[in-house]
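Visitor: I have a sequence and a fold on the screen. Can you walk me through them?

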Amino acid sequence: MKKIFFLIILISSITILSGCLVSERISYTVNLETPTTGNVVVNLYNIKSNAIGTREFEDDKNNLFEFALKDKNLVIQLEAEGKFVTHRSLFVKNDQLNAEVLYNFKDITKVEGIRFEDGFYYLTMALDDSLISTNGKLIISKDYKRILWDKNYKQLKFEMYSSGFDNNTYKGLASFYKKN
């Protein structure tokens with residue numbers, strides 16, 4: 001399982017050429033309405049571009065500020081994946097560009113592959129995934145990591161670092177964001 005699940009979906013929808021948008025960390029708050037339905041708040045922190053050239057960097061800015069933030073086609077793409085976007089925004093805090101995305105779901109497996117079986121929710125991750133925090137119980141085996149939550153949890157939380165994020169060489173986007 002990848003380290004930055006929702007970001008990958010978002011970025012894969014908006015990446016052009018060799019530039020790529022990356023966030024330093026990503027957090028999920030899953031609010032359950034029933035055992036398998038609810039809504040999610042995803043926060044992406046310190047979004048940067050790893051574009052090498054000027055054109056790729058301009059493409060990254062346009063893709064983030066126009067497509068990801070405003071275009072209805074992204075909402076349509078995510079609906080096809082079972083994620084019904086209700087809110088998306090960008091904001092600057094401490095000179096870092098951050099994003100918040102809210103979406104509803106009708107199938108818990110659409111939320112980064114979380115499963116609900118035998119009274120437990122669980123999320124399986126690769127051993128090298130960098131989990132920062134969770135309100136569940138982390139179990140590490142020889143082959144993978146798994147977060148477990150009891151069925152009584154009404155809110156599932158986890159936060160992860162992105163793999164390969166380089167704060168020093170990636171280009172910041174906060175100074176280019178113009179709030180409308």
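**Strands, core and helices**

Guide: This is a predicted model. Start with a strand pair: β2 and β12 (residues 155-161) run antiparallel and are joined by seven bridges.

Visitor: Which residue of β12 does N31 stand opposite?
Guide: N31 belongs to β2, which spans residues 25-32. Strand β2 pairs with β12 in the antiparallel sense. Across from N31 in β12 stands Q155.

Visitor: How many bridges pair β2 with β3?
Guide: Strand β3 covers residues 38-45. A hairpin of five residues links β2 to β3. L32 faces G38 of β3. The two strands are antiparallel, and the number of bridges is eight.

Visitor: How many of the residues in β2 are buried?
Guide: Strand β2 has partners in β3 and β12. Buried here means under 20% relative accessible area. By that cut-off β2 is mostly covered, and of its eight residues the buried ones number six.

Visitor: Which helix gives the largest share of the largest nonpolar core?
Guide: That core has 40 residues. V30, L64, L90 and I114 have the most contacts inside it. Nonpolar side chains tend to be buried together in soluble globular proteins. The largest share of this core is six residues, and they come from helix α2.

Visitor: Where does α2 bend?
Guide: Helix α2 runs over residues 54-70. Its 17 residues reach 23 Å from first C-alpha to last, close to the expected 24 Å. Its buried residues include L64, F65 and N63. The bend is about 35 degrees, and it falls at N63.

Visitor: Why do the buried residues of α3 line one face of the helix?
Guide: Helix α3 spans residues 72-80, and L74, V75 and L78 are buried in it. Seen down the helix axis, these buried residues share one arc, so they line one face. On the other side, K72, I76 and A80 are exposed. The arc that holds the buried residues is 100 degrees.

Visitor: Which backbone nitrogen does a side-chain oxygen of D71 reach at the start of α3?
Guide: Look at the start of α3, where D71 supplies the side-chain oxygen. That oxygen comes to within 2.6 Å of its partner. The partner is the backbone nitrogen of N73.

Visitor: What is the phi of G82?
Guide: G82 follows α3. Its phi is positive, near 85 degrees.

Key: Residues are numbered from 1 along each chain as its sequence is written. This is a predicted model: local features need pLDDT of at least 70, side-chain atom pairs count only at pLDDT 80 or more; totals for chains, interfaces and linings use all residues. Side-chain values use heavy atoms; hydrogens and water are left out. A nonpolar core is a set of buried Ala, Val, Leu, Ile, Met, Phe, Trp, Tyr and Cys residues joined through side-chain atoms within 4.5 Å. Buried means under 20% relative accessible area, exposed over 50%, partly exposed in between (1.4 Å probe, protein chains only). Helices (H or I, at least four residues) and strands (E, at least two) are DSSP runs, numbered from the N terminus. Two strands pair if DSSP finds at least two bridges between them. The expected span of a helix is 1.5 Å times one less than its number of residues. The bend at a residue is the angle between axes fitted to the seven residues ending there and the seven starting there. The arc is that of the directions from the helix axis to the C-beta atoms. A polar contact is a pair of N or O atoms within 3.5 Å; within protein, one must be able to donate a hydrogen and the other to accept it, and residues adjacent in sequence count only if both atoms are side-chain atoms.
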